[in-house]
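Let's look at how a few structural labels are earned. Keep the sequence and the model side by side as you read.

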Amino acid sequence: PRNIVLASPDFETFRVLHLANPAPVPGYYRHMAPLNRRGPRLYGTPPVPQRQDPDGLAAVRRAGSLVVDVRDRFAFARAHVPGSLSLEEGGNMLAFAGWAIPFNAAMVLVTEDAAQADRVATDFFRIGYEDIRGAMPFEAWERASRPVASLDTVTATQAARLLAEGARTLDVRFQKDVALLPVPGAEHRPFDLVQEWAPSVDGDPLIFCGGGSRATT
């Protein structure tokens with residue numbers, strides 16, 4: 001009942017609403033058709049990521065793997081492996097991965113536990129991200145007393161104050177969201193183009209989105 005497109009009274013209304021502000025296409029889609037045409041590689045069962053300890057994670061990172069933290073975004077903000085990428089597990093994880101991570105890039109996962117590691121590795125596997133080179137629960141990093149980083153978060157009131165003070169602010173929502181509800185003073189940097197604009201961002205801007213996951217990533 002809350003979806004105005006699905007609640008359309010007739011086909012023409014549905015067509016107009018559906019095409020008016022289309023959502024961006026997940027980045028991995030363009031790779032899927034060629035993969036599907038070639039036919040599947042037979043694995044028997046989805047691959048299980050190798051269990052890593054802090055030394056193992058550091059080694060695969062030095063070899064070129066991206067460290068991807070799939071825990072809750074609030075847990076990531078409190079403490080995470082320095083230099084890791086937040087990609088919160090959830091319904092949008094795979095779409096966000098397709099925009100934020102080059103297709104089938106080598107990754108090592110930071111997770112809550114082994115069950116989450118297996119679950120997320122299987123999800124990545126289903127869209128063609130097969131180069132998962134291990135997984136490590138974050139608590140193993142903490143138990144080893146390794147250095148951690150954190151991500152500052154602000155309330156809506158604090159964000160409004162920062163905007164009013166002229167702080168550089170990036171709005172990473174999609175084009176259709178910004179068109180419906182723009183935020184004066186914010187620079188629009190759509191998340192589906194993050195690989196294009198992120199390398200040019202300097203300093204520590206205020207970043208926001210609709211729910212928090214994209215801004216954290």
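Here are some questions and answers about the labels used for this model.

This is a predicted model, where local features need pLDDT of at least 70, side-chain atom pairs count only at pLDDT 80 or more, and totals for chains, interfaces and linings use all residues. Residues are numbered from 1 along each chain as its sequence is written, and side-chain values use heavy atoms, leaving out hydrogens and water.

Q: What makes β5 and β7 paired strands?
A: Strands are DSSP runs of E with at least two residues, numbered from the N terminus, as are helices (H or I, at least four residues). Two strands pair if DSSP finds at least two bridges between them. Strand β5 (residues 169-171) and β7 have 3 bridges in the parallel sense, so they meet the definition. One bridge joins Asp 171 to Phe 208 of β7.

Q: Why is one side of β6 and of β7 left without a neighbour in the sheet?
A: The open sheet has 3 strands in the order β6-β5-β7. Because β6 (187-188) and β7 stand at the edges, each has a single partner strand.

Q: What makes up the contact of α5 with α6, by class?
A: Contact means heavy atoms within 4.5 Å. Met 93, Leu 94 and Ala 97 of α5 meet Val 120, Asp 123 and Phe 124 of α6. Ala, Val, Leu, Ile, Met, Phe, Trp, Tyr, Cys and Pro count as nonpolar, Asp, Glu, Lys and Arg as charged, and the others, Gly among them, as polar. The contact therefore has 5 nonpolar, no polar and 1 charged residues.
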